[in-house]
Each structure stands twice: as structure tokens, then as C-alpha cells.
Amino acid sequence: MSMQVILAQALLGLNVGVFYAMLSLGLAVIFGLLNIINFAHGALYMLGAFIALIGYSFLEQWFGISIQIGFWASLILVPLLVGLLGVLIERLLLRRLYELDHIYGLLLTFGITLILQGLFSNYFNVSGTPYPGQPESLSGVVNLGFMYFPTYRLFAIVVSLLVCFTTWFFIEHTKLGSRLRAGVENRDLTQAFGLNVPLMITLTFAFGAGLAGLAGVLAAPIYSVSPLMGADLIIVVFAVVVIGGMGSIMGAILSGLALGLIEGLTKVFYPPAASTVIFFLMVLVLLFRPAGLFGKEK
Amino acid sequence: MFKHWKHGLVGVVAATTFTLPLVSTAADLSDNKVKIGVLSDMSGVYKSLEGPGAVIAAKMAVEDFGGSVLDKPIEVISADHQNKPDIAASTAREWIDSKEVDMITGLDNSSVGLAVQGLAKEKKTITMNTGAGSTALTEEQCSPYGIHYVYDTHALPVGTATAMVNNGGKKWFFITADYAFGHSLRDNTGAIVESMGGKVVGNVNAPLSTNDFSSYLLQAQSSGADVIGLANAGQDTVNAIKQANQFRIVQSGQKLAGMLVFITDVHSMGLDIAQGLQFTTAFVWNQNDEAKAWSERFNERQGAMPSMVQAGVYSAVSNYLKAIKAAGTDDTEAVRAKLGEMTLDDMFVKGGKIAPNGSMIHDMYLVEVKKPADSQSEWDLLKVISKIPADKAYISMADTKCSLVN
């Protein structure tokens, strides 16, 4: 197999990897700060894609509003809207469960997932609807020397990487980030220093949800927008988080990218295993490094 | 007290059962009604092409029949099989054993179809499968009471593969959904391609519900094939076609052949992406005036034009009811025999025949997705290119592996 083919496939793997990274980053942030296993993350990703689609194609037909929300506006607006929904979910529902076992948070968010999926599959074809709003400026292909690569996919890779590393920098290297981490480490003590921990938690959940929404908007022009698009992805993303180490920000980003690459290369060498290779690695990691590659043993 | 009463009742029922054949009358219906069960995927990947639309189609068939047969009411019930054969089989068992269901239709998804048909064979109940593809339903695992109504993995590739090879598409590369249906579709298509002098130059087995097909598409591109055969369905097909568009596969000269595409998929993809795609279907909603009139009525209730599967449910239920009327009973053997004698003519099928192996033998159509400029309305999406005669589309009784025939 030529180097050219491997490079091409690696780039495609990276393309999948950035979505894994962005979603697992959101999950890791939420788990790290709230101790909640957010099963609704895939549904929020799906919701992001659907809000972009509805904003572009259905506002007039459904609501009689003759406005079309384009891709660039969606890129800003949708994460805000999904983040706002995150605020509601956290304030109204999750807040009541913090004292209880993890499993309650998981069940609640799983329920939210089922509701959102059911709602959208009532109105949209389950096979998927394409998002037609991809901007003209990103619609071509770029000659990378070893392959022609769709411009939009390149754009999605760059934006996702930027968002991932900015988030990491923010949490690990800024004052606000250190306060967040302090809140995780010792909630009572942090509160005693006069920091508003409940507000920090709400904003963190909203931020994680917004990241999922952003990933949804970025994914909409590449994949078909389908009610099950999040469900197909979320299990893999959980595996990514487990491999990276629950709660580890950098772990989530790096393992997301790496596993995208590994999956991409598996598609060339042994395609039928492409959907299982990540789980195989997860089992290995759990056997030999139960806290994950980047996690700390407690 | 209640117990005694129940024993008494059993006695009466037993007595009538034994004496019934002697005094049997024309209107002989079990439980004084005909009950039809629509068992379909109501929430998963096949929802849009069968699902709740199939229930609407079945209800329309009952209403158009007058709501009763042999002066007894007809009832339609439905359930979600969730694409799980075990759930499908236990629902079907409950329906037959305690809910007096006389016929089960729908059954999209081959593993569900095979499980329920196997159970219904044991229970002597008619199944009219409108949604599954596997030819095993009428071949290796055929049943005297199992009817396969709309399409199968033999009929689908005949038209598409033949037409494409004839137009110069000699070298094929397959992207195959990695489960029974995908493999069967690929093997049948490959056999047709090779029998016509073409060649299969490569294949990848992609896991079901693959998100990103670009890696497989690039492998197909570098294989130098003329045609990329998509031996998959639903979301997988839509994703693959959409991503082929991103990588300019069709623009750079390769053709895409969808092996199982539904009009609902084309509608949701949009003509910009799907234009030029050729595939085989059993039904086009505007194929004739009768079909058009029916489909428009369906559209009013469903909010979408019918897929071939949903139209097939209407036709299957109508003809089942006609057979009961003609046979004067809902007895399984008698109705199945009557269905075998009838020639099926309605908005869905012209001159259809149900063969002894259960395969409903009928014409199929090779269609092409219209260019955006040629489409007159929202659902004006397909152009019929040619008709595939029934005897070419389906496995003949001379060649069938069904043990009931040979």
C-alpha cells in the first residue's frame, strides 16, 4: 500500500477524530467538574445539527418567519442555544441529583436523549436529511499533493482543533480555570473563599453542552442530519473518554484524535473491525491502566 | 364459581369445534373478526420507509374494503419490533396466541422477517412480508404460509446491474453493509455483473451505521472501478451518496448504484445530491392514475408520499381481505390457497402472482433520480427508465431452492 493512500486515510481518520475529541472533551469537562456522566451529550450534538438545519431550511415553512440563518450565524448561535438548554437541564433537573449515586444522573440524561431522539424522528426522516447551508467559500476541494480533500472538512478539522486546545488552555492555564479546578477538588473550601460554585457548575455544564452543539453544526454539512446521529456516536465517545481517563481534559483530546486515526487506518487494513477497534483498545486500557491513559489513580 | 363457568365454556367450545365441520356455513370466521397486525420498526432506522406509514396504509386498505368482511369487523393493530428478532417473535407469539391476530404484515428487516415467518409457520398463520429483503424468506426458509410481497435481494439488482453493465459499467466495486442483507445483496449483484461479462474488482464490508464512508469511497475510487455498488440501505446509503458528492466521485466519472433506495431517502437527500442515481423499485407513486390518486390520499394522512413498502402494505392487506371474501373463511390454508389462485391487480401491482414458495412475482421498475430542473413538484423525483418483467426479476419455480416446490 502506498504512502499516499495511508496519508489520505490518516487525514480522513483525523477528520473523524476531531469530532471524537470535541465531544469527549465536553464529556470530560462535565464529568470532571460535575461528576455527571452526561448520556445526553450525543443528543445535544444531534440537536445542534438540527437547529442549524431548521434555521436554514424550515423557519419559513414551519413558523412563517422569512429569515434564513446561514452557516456562519449558526456557528455562533447554535452553541449558545444548546448551551442555554444545558443551563435549563442543569438548573431544573441535574441539580437535584448531585447527592445521589452516578447512576441517577446517567438515567436522567439517557431519558433526555430518548425524548430528543423521539421528538426529531417524529418530524424528520430517520435516514437523514442533508444540510444545504454549507457556504460557497468552503465548498471546493483542496489539492494536498497526496489527495484532493474537501475544503469544508479541512475547515472543520482546523476549527475543532482550535476549540479543543483553547478549552484546554483555558482550564489548565487561566485563573478562572484554576478556580474551576479548585471547585472540583474541594467544593466547600472553594465556596468558603467566596467563589460561587453552583454558578460555576451551571456554566460548565452549559459550556459542555455548547461544545456538543458546535460539533453538531460542524458535522451537519459532512454527515446527514439524522435523529440517530448522536446515538451512533455517543457510545464510541464514551469509550474515548474511558481510554483517555475520566475527567482528564488533555486525555480526552489526544485520545479522541488518536482513536480517530486508528479507526481510519483500520478502515483500510481490515474494514469490518472499524467499529470495534476502539472498544478492543478500551478493554486493553481497562485491563492494564484502569484509570485511563491520562487519568490519575485515586 | 368462575372456574366452573370456565370449564363449562371450554366444554362448549370443544363441542362446537367437533361438530362445526358438519354444520359449517359460508361465513366462517375465527373469533368473529379479522385482525391484522402490523409489526414494524416504529422508532429506528426503517421508521420512515415503513413504520407508522405502514399502519396508515393498512387502515386505508381496511376502510376502502368497507371495514368488514363476510359481515364481520376488521381490526388493525400495530407494534414496534425495534429491529430485534426476539422482540418481534414474542410480540407475534402474543398476537397469535392471545390476541386472535389472523395475519401479520410489515416485518421490515430480514432477521425480524425470518424469525416471525418461522414462528408463524409453526402456528399456521399467514405473514405478508413487505419490508425485508432476504431471498431466504422464499428460498431456504420458505413457509407454506409466508408471503414475500414487495421486493427481494434477487429482484433489486437485476434491473440496476443489468442496465449499468449494458451502459459500459463493467468493473464494480462494492461497499457492503456488514450483515446478512448486505452480503446477500452484494453476492446476487456480483453474480449478475459477472454473468454479463463484467468484473467485481473489489469490496469493503462496512459496519452497519457507519458515519463516515469517505475512507471506503476513496478505496473505491482508487480501485479504478466504473461503478460503485452500494449494497446497503437507509442511513448508510444516504451518508455514502452524500459523501461521494463531497469527494466529487460522480463528477470524476465513476457511477454510483444504490442497490436499495426508497423514495423517502431521495426526498430527504434532495435532488442536488441524488440526481442521476439509478435504482430498482417496485412502485413509483405516480406510475399511473390509480397509484397517483391513492398516493395523494396517503400523503394527506402521512405528510409524505408512500415508499414502495407502504404501498405494498396497502396492496397486501387488500388482497388478503379479498381472499377471505372469496374463500368464505379466514382459515389459513383456505386463504393461502385462494391467494395463490388470484391474479393481483391494484394501484401497486398489475398481474401479480403469489408463487408456491411465497414470492409475489411482479414487474419491477428501473428508475433514475431526476435533475432538479426536471422536477415539477416536491415529490416529482423519479423517472422510470425501464420495466423489469416479473419473470426476470424473481427466481423462477424451476430454480427455487424452496422445499415446498421441488
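This section describes the annotated spans of chain A, a set of paired strands in chain B, and the contact between the two chains in a predicted model.

For chain A, an unreviewed UniProt entry carries the annotation "transmembrane region" for residues 6-31, 43-59, 65-89, 101-120, 152-171, 192-222, 234-261 and 268-288. Two of these spans are described here. Residues 6-31 of chain A are 100% helix and 0% strand, and the C-alpha atoms at the two ends of this span lie 35 Å apart. In residues 43-59 of chain A, helix accounts for 94% and strand for 0%, with 21 Å between the end C-alpha atoms.

In chain B, strand 7 (residues 171-177) pairs with strand 8 and with strand 9. Strand 7 of chain B runs parallel to strand 8 (residues 199-206) of chain B, and seven bridges join the two. Within this pairing, B:Trp172 stands opposite B:Val200, and B:Ile175 stands opposite B:Val204. Strand 9 (residues 227-231) of chain B is also parallel to strand 7 of chain B, to which five bridges connect it. In that pairing, B:Thr176 has B:Ala231 as its bridge partner. Strand 7 of chain B is mostly covered, with six of its seven residues buried. The connection from strand 7 to strand 8 of chain B involves helix 6 (residues 180-195) of chain B, and the three elements make a right-handed β-α-β unit.

The contact between the chains involves 32 residues of chain B and 29 residues of chain A. On the side of chain B that touches chain A, at least two residues each come from strand 8, helix 7 (214-222), helix 8 (234-246) and helix 9 (263-269) of chain B. Helix 8 of chain B gives the most to this side, namely six residues. By residue class, the side of chain B that touches chain A comprises 10 nonpolar, 16 polar and six charged residues. Strand 8 of chain B thus appears in two settings: it is joined by bridges to strand 7 of chain B, and it supplies at least two residues of the side of chain B that touches chain A.

Key:
Residues are numbered from 1 along each chain as its sequence is written. Chains are lettered from A and ligands numbered from 1 in the order in which they are written. This is a predicted model: local features need pLDDT of at least 70, side-chain atom pairs count only at pLDDT 80 or more; totals for chains, interfaces and linings use all residues. UniProt positions are given in the numbering used here, feature names are shortened, and annotations may be inferred rather than shown by experiment. Helices (H or I, at least four residues) and strands (E, at least two) are DSSP runs, numbered from the N terminus. Two strands pair if DSSP finds at least two bridges between them. A crossover is right-handed if, with the strands pointing away from the viewer, the path from the first strand over the helix to the second runs clockwise. Two residues are in contact if their C-beta atoms, placed from the backbone, lie within 7 Å. Ala, Val, Leu, Ile, Met, Phe, Trp, Tyr, Cys and Pro count as nonpolar, Asp, Glu, Lys and Arg as charged, and the others, Gly among them, as polar. A residue is buried if 20 or more other C-beta atoms lie within 10 Å of its own, exposed if 12 or fewer, and partly exposed in between; C-beta atoms are placed from the backbone.
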